[in-house]
Amino acid sequence: IDEEHKTTQNLLKTKAFTVALADKEHMDVADFFGIATGNKMNDKFERTGYTAVKSEFVNAPIIDEFPVVMECELAEVSETESFYCIVGKIINTAAEERVLSENGKVDPSKLQALIFDQFQHGYYVSGEQVGKAWNAGASLMKK
Ligand SMILES: Cc1cc2nc3c(=O)[nH]c(=O)nc-3n(C[C@H](O)[C@H](O)[C@H](O)COP(=O)(O)O)c2cc1C
């Protein structure tokens with residue numbers, strides 16, 4: 001994440017931030033957040049018509065409309081010649097009921113989260129489970 005971004009400057013001040021997962025339904029606003037900068041556009045958030053509410057867990061706002069949000073404390077800032085990196089400690093994860101499975105955990109097939117692809121500059125929808133982790137390769141463990 002670029003050090004000059006408004007987002008970066010804000011989270012360095014508050015020592016907290018939230019990460020929202022966007023779905024197809026909210027793609028236009030998610031993309032707009034990536035095009036516009038709060039450094040030049042004073043009403044960047046207001047013009048989306050979205051709702052910001054204060055997190056109960058960290059000193060940062062949550063955007064109500066996105067289906068999943070991770071509320072983070074700023075844990076570490078790492079800087080090298082090639083990157084400026086923010087590491088967060090997740091204090092709480094909040095999700096809309098409609099994206100939860102029966103066990104109360106986020107179900108990616110319901111979430112249909114957007115994936116940003118660097119090759120084609122496209123947005124794709126994720127959600128197809130193609131295997132089980134710690135299981136798909138298990139047969140190779142047996143001799
Ligand atoms: C699809 C997409 C991906 C982006 N990825 C990054 C990224 O990985 N790191 C980064 O610093 N900026 C990235 N940006 C650019 C910032 O989102 C952009 O500079 C934005 O204006 C910063 O807003 P702010 O200054 O209000 O925080 C991306 C933008 C888009 C549209």
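Where does Thr37 lie? In this predicted model, select Thr37 and you will find that residue in the loop between helix H2 and strand E2, the latter covering residues 52-54. Thr37 counts as partly exposed because its relative accessible area is 27%, a value between the 20% and 50% limits for buried and exposed residues. Now add Thr7 to the selection: Thr37 and Thr7 are separated by 30 residues in sequence, while their C-alpha atoms are 8.6 Å apart in space.

**The whole chain**

Before going further, zoom out and show the whole chain as a cartoon, where three helices and seven strands can be picked out. Followed along the sequence, these elements come in the order α-β-α-β-β-β-β-α-β-β. The C-alpha trace spans about 60 × 40 × 35 Å along its principal axes, and of the 143 residues in the chain, 25% are buried. If you display contacts with a separation of 6 or more, 47% of them join residues that stand 24 or more positions apart. Switching to a surface view, you are looking at an accessible surface of about 10600 Å², and carbon and sulfur atoms hold 53% of that surface.

**The largest pocket**

Next, turn to the largest pocket, which has a volume of about 1600 Å³. To centre the view on this pocket, select Thr7, Thr18, Phe33, Lys44 and Ile63, which are the closest to its centre among the 42 residues that line it. Then colour the elements that each give two or more residues to the lining, namely helix H1 (6-14), strand E1 (16-21), helix H2 (27-35), strand E3 (61-63), strands E4 and E5, and strand E6 (114-117). Strand E1 deserves a separate colour, since the largest share of the lining, six residues, comes from E1. Colouring the lining of the largest pocket by class instead shows 25 nonpolar, 12 polar and five charged residues.

**The nonpolar cores**

Now hide the surface and select Leu11, Phe17, Met70, Cys72, Leu74, Tyr84 and Ile86, the seven residues that form the largest nonpolar core. Two elements, strand E4 (68-79) and strand E5 (84-95), each give two or more residues to this core, and the largest share, three residues, comes from E4. For a view of the surroundings of one core member, stay with Cys72 and leave aside its neighbours within four places in sequence; Cys72 is then in contact with Ala16, Phe17, Val19, Val58, Gly88, Lys89, Ile90 and Ile91. A second core, separate from that one, has six residues, and you can locate it by selecting Val29, Tyr50, Phe66 and Leu114, which are among them.

**Two residues with positive phi**

Which residue in the loop between H1 and E1 should be selected next? The residue to choose there is Lys15, whose phi is positive, at about 60 degrees, although Lys15 is not a glycine. Lys15 counts as exposed because its relative accessibility is 51%, and the limit for that label is over 50%.

For the last stop, move to the segment after strand E7 (122-125), where Trp134 is found. Trp134 also has a positive phi, near 65 degrees, in a residue other than glycine. Is Trp134 buried or exposed? With a relative accessibility of 88%, Trp134 counts as exposed.

Technical notes:
Residues are numbered from 1 along each chain as its sequence is written. This is a predicted model: local features need pLDDT of at least 70, side-chain atom pairs count only at pLDDT 80 or more; totals for chains, interfaces and linings use all residues. Side-chain values use heavy atoms; hydrogens and water are left out. A nonpolar core is a set of buried Ala, Val, Leu, Ile, Met, Phe, Trp, Tyr and Cys residues joined through side-chain atoms within 4.5 Å. Buried means under 20% relative accessible area, exposed over 50%, partly exposed in between (1.4 Å probe, protein chains only). Helices (H or I, at least four residues) and strands (E, at least two) are DSSP runs, numbered from the N terminus. Contact means heavy atoms within 4.5 Å. On a 1 Å grid over the protein atoms alone, a cavity is a set of points where a 1.4 Å probe fits but cannot get out, and a pocket is an open set with protein on both sides within 12 Å along at least five of seven lines; lining residues have an atom within 4 Å of a point. Grid points are joined across faces, edges and corners, and a volume is the space filled by probe spheres set on the points. Ala, Val, Leu, Ile, Met, Phe, Trp, Tyr, Cys and Pro count as nonpolar, Asp, Glu, Lys and Arg as charged, and the others, Gly among them, as polar. Accessible areas come from the Shrake-Rupley method with a 1.4 Å probe; for residues, only the protein chains shown count as cover.
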